[in-house]
Amino acid sequence: MKQYDLVIVGAGPAGMAAATAAAEQGLTVTVLDEQAAPGGQIYRAISAPAPRDERILGPDYYHGCRLLAPFHQASVDYLPSATVWEITHEREVRFSAGGQARTLRAGRILLATGAQERPVPFPGWQLPGVMSCGAAQIMLKTSGLTPPAPLVLAGSGPLLLLIALQLHRAGVELAAVLDTTPRENYLKAGRHIGGALRGWKMLLKGLDYMARLKGSGVPCLSRVSGLRAEAGADGRLARVHFSHKGKAQTLDATSLLVHQGVVPNVQLSRSIGIDHQWDEQQLCWRPVTDAWGETDVPGIFIAGDGAGIGGAVAAEQAGRLASWQVAHQLGNLNQQERDRLANPVHRVLPPLLAIRPFLDVLYQPAKEFLTPSDDTLVCRCEEVTAGDIRRFAQLGCTGPNQTKSFSRVGMGPCQGRMCGLTVAQIIADTRQTTPAEVGYYRIRSPIKPLTLQELANLGNTDQPKP
């Protein structure tokens, strides 16, 4: 079984920056990436983006090239299309690639698995034609494809505006952008205006997105509520219903893109048994880490949005910090040199993160998405509704794990990724307690589907060629 000083899971901004920094310190490094090429979600397909016009995706996307070039030049074993499905406390990493399951042993492990879009349950979200904004962005970056018109975008957060602008630049006619940010959020976010002013560059960027969209003639409606998707005779999306400033409205739509922010991807960290805490501002779970990204499981680090949403630039800086600490722990870097390298990063990170409390509070999802109506499908894998979850809570279920016994909720192919937060929120709301008290699913490996043949081949410890 081959051993590396550092095994990194994920090749987004945190993973690429960490791998490069670790290799510079003489560590043996391998990167296991579920995608076919480095970049993660934010820089997906950065080595060969489909849109030829760089104005479509914008300069923030092409910043990824500054990470990609040194990553390719570094002495790093890169394994694409590799799905990690188990990590042990003994720092053994089990993954599948090319239909073969393998195990690596690591001196240290860095999880750079990033974020996932927050699930957006509302009536009709399971219909063909309804997809997340992130899914539409993947189509645009990797293949240059866009969802068919008429196209409606609905939700809240900076990414909603960015994708609307990118689609508009790509020549897509947008029927409307529906902003579901609750009115009261603006008042609550005002308490964090100081941090917003410290992060004025990002604030101006968001205002610029809004101005460009409105200047382009795209209808942008704020204070939207009551979102509902309706199917046509063919079972696909046909209409989008909503209320704007108290008035019911309907738009014909072939595609509906929805977004309610992003949350840390904690499935892998949960399966390891790392301690997590409820983030009251971001309304999600996040792993507990120290200043260098190390968790309560010795030798396992988390960097980037997987440790709490901070954005791509902050993620790459966190990746470097984790690598320098690993190099220090393994004896390749003394404390004085580690601190010398880290000091500029410690100066850069606070301004990058200063705006986060403002954004997190401003774009907290409306209650209708956190605790949807009874007829809304919550677990699409097992077809369990919000009403079912409420009934289980009234019968005595105190947490998501008990609801599995009643309905198999969270036991489908997605392993609870798309329903876990909502189930916890509904139980907490029904029992008049908090999500922190209710808890989350008990995640066990394998966290991703794999075949019996892959398990049978696990005894073959030959290292696949990068």
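Leu 283 is buried, with a relative accessible area of 8%; buried here means under 20% relative accessible area, exposed over 50% and partly exposed in between, using a 1.4 Å probe and protein chains only. You will find Leu 283 in the loop between strand S17 (276-279) and strand S18 (284-287), where helices (H or I, at least four residues) and strands (E, at least two) are DSSP runs numbered from the N terminus. Although Leu 283 is not a glycine, it has a positive phi of about 50 degrees.

A word on what you are looking at: this is a predicted model, in which local features need pLDDT of at least 70 and side-chain atom pairs count only at pLDDT 80 or more, while totals for chains, interfaces and linings use all residues. Residues are numbered from 1 along each chain as its sequence is written, and side-chain values use heavy atoms, with hydrogens and water left out.

Gln 415 also carries a positive phi without being a glycine, at about 55 degrees. Its place is in the loop between H16 and H17, and at 26% relative accessibility Gln 415 counts as partly exposed.

Those two helices lead us to helix H15 (residues 386-395), which is largely enclosed by the rest of the structure because 7 of its 10 residues are buried. The buried residues include Asp 388 and Arg 390, along with Ile 389 and Phe 392. Helix H16 (400-407) and helix H17 (420-430) are part of the cover over them, as are strand S20 (377-379) and strand S21 (384-385). Just after H15, Gly 396 takes a positive phi of about 125 degrees.

Let us step back to the whole protein. Its secondary structure comes to 19 helices and 21 strands, and buried residues make up 55% of the 466 residues. The radius of gyration is 22 Å, which agrees with the value near 23 Å for a compact globule of 466 residues; this radius is taken over C-alpha atoms, and the globule rule is 2.2 Å times the number of residues to the power 0.38. Of the contacts (heavy atoms within 4.5 Å) between residues at least 6 apart in sequence, 67% join residues at least 24 apart.

Asn 185, in helix H7 (residues 183-189), shows such a link to another part of the chain. At 3% relative accessibility Asn 185 counts as buried, and beyond its neighbours within four places in sequence it is in contact with Val 361, Leu 362, Tyr 363 and Gln 364. A polar atom of the Asn 185 side chain lies 2.9 Å from the backbone oxygen of Leu 362.

Asn 457, in the segment after helix H19 (452-456), is partly exposed at 22% relative accessibility. Leaving out residues up to four places away in sequence, Asn 457 touches Gly 99, Gln 100, Ala 101 and Arg 102. Asn 457 and Ser 96 are 361 residues apart in sequence, yet 10.0 Å apart in space, C-alpha to C-alpha.

Our next stop is a helix pair. Helix H5 (residues 133-143) and helix H6 (residues 158-169) pack at an angle of about 35 degrees, their axes 10 Å apart; axes are lines fitted to C-alpha atoms, for helices over the stretch in contact, and angles run from 0 to 180 degrees between N-to-C directions. Gln 137 and Leu 140 are among the H5 residues that meet H6, where Ile 163 and Gln 166 are among the partners.

Finally, look at two prolines. The peptide bond from Ala 149 to Pro 150 is cis, with omega near 0 degrees, and Pro 150 lies in the loop between H5 and strand S9 (151-156). The bond from Ser 445 to Pro 446 is cis too, with omega near 0 degrees, and Pro 446 sits in the loop between helix H18 (435-438) and H19.

Methods: A polar contact is a pair of N or O atoms within 3.5 Å; within protein, one must be able to donate a hydrogen and the other to accept it, and residues adjacent in sequence count only if both atoms are side-chain atoms.
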